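Here is a short briefing on charged side chains and one histidine. Look at the structure first, then read the points below.

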Amino acid sequence: MTLRNICVYCGSNPGRNPIYVEQARALACALVERRIGLVFGGAHVGVMGVIADTVLDAGGMVTGVIPQSLVDKEVAHMGLTELVITDSMHERKMIMAERSDGFIALPGGIGTLEELFEVWTWAQLGFHRKPCGILNVAGYYDGLARFLDHAVAESFVKTPHREMLFVETDPTVLLDCYEQYTPPNVEKWLSRAEM
Ligand code: AMP
């Protein structure tokens, strides 16, 4: 599929290990090389600020989507290609999703996890057909990947739905997966015959 814009969810903190910020820069460069625009949460703080600045410095396009409440806290990045200001977090996430052709989570905290799981849930339900994945920097998401395999083993998640979430360590490999992506056609629930 053609990727015009990718939404990146990531920490509003930089994290302890400098590799998190380094790999955010690597993803930013990979996006610009492929002429893919960045959609993100619109803040200048943490990994978010680094990925936005790197895309802009390399000549790429960045759309930030941020609620007025966070603009009021003065965390908005005021140098973006476009800054969309919303009334609520829900509206923000909806616009980020609508404007993007795929979703990537870099290392981050509660906000990053919540945003990733929301778009993956929508994918599982067939509300959109866009790829979702994780850039697993320095094993940050190893524990989560193990837990998701446990959820499959315990029959709360179907294998094709688990496989919808790409987990890669190299930004270019992740983007290659997205360009070739075809979503599975799998029902979320067991049929009566399967129960
Ligand atoms: P976290 O992973 O908890 O640091 O949250 C980062 C994610 O949640 C980003 O992808 C943002 O969309 C959103 N978010 C959380 N905190 C902020 C903030 N201070 N400014 C802007 N966005 C934030």
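Arg 34 is partly exposed, at 26% relative accessibility (the class between buried, under 20% relative accessible area, and exposed, over 50%, with a 1.4 Å probe and protein chains only). Its partner Glu 179 is partly exposed too, with a relative accessible area of 32%. The two side chains meet in a salt bridge, 3.2 Å from N to O (a side-chain nitrogen of Lys or Arg within 4 Å of a carboxyl oxygen of Asp or Glu). This is a predicted model, in which local features need pLDDT of at least 70 and side-chain atom pairs count only at pLDDT 80 or more, while totals for chains, interfaces and linings use all residues. Residues are numbered from 1 along each chain as its sequence is written, and side-chain values use heavy atoms, leaving out hydrogens and water.

**Salt bridges overall**
- The structure holds seven salt bridges.
- Side chains of opposite charge can pair when their charged atoms come close.

**Around Arg 34**
- The salt bridge between Arg 34 and Glu 179 has a N to O distance of 3.2 Å, and this pair links distant parts of the chain, 145 residues apart.
- Arg 34 sits in the loop between α1 (19–33) and β2 (37–40), whereas Glu 179 belongs to helix α8 (residues 171–179). Helices (H or I, at least four residues) and strands (E, at least two) are DSSP runs, numbered from the N terminus.
- Asp 176 joins Arg 34 and Glu 179 in a network of salt bridges.

**Around Lys 93**
- Lys 93 forms a salt bridge with Glu 114, and their closest N and O atoms are 2.4 Å apart.
- Glu 114 lies in helix α5 (residues 110–124) and Lys 93 in helix α4 (residues 89–98), so this pair ties together parts 21 residues apart in sequence.
- Glu 114 is partly exposed, at 37% relative accessibility. Lys 93 is buried, with a relative accessible area of 8%.
- A salt bridge also joins Lys 93 to Glu 118, at 3.5 Å from N to O. This pair links helix α4 to helix α5, across 25 residues.
- Both Lys 93 and Glu 118 are buried.

**His 161**
- Helix α7 (residues 159–163) contains His 161.
- His 161 is buried, because its relative accessible area is 2%.
- Leaving aside residues up to four places away in sequence, His 161 touches Trp 120, Gln 124, Val 186, Glu 187 and Lys 188 (contact means heavy atoms within 4.5 Å).
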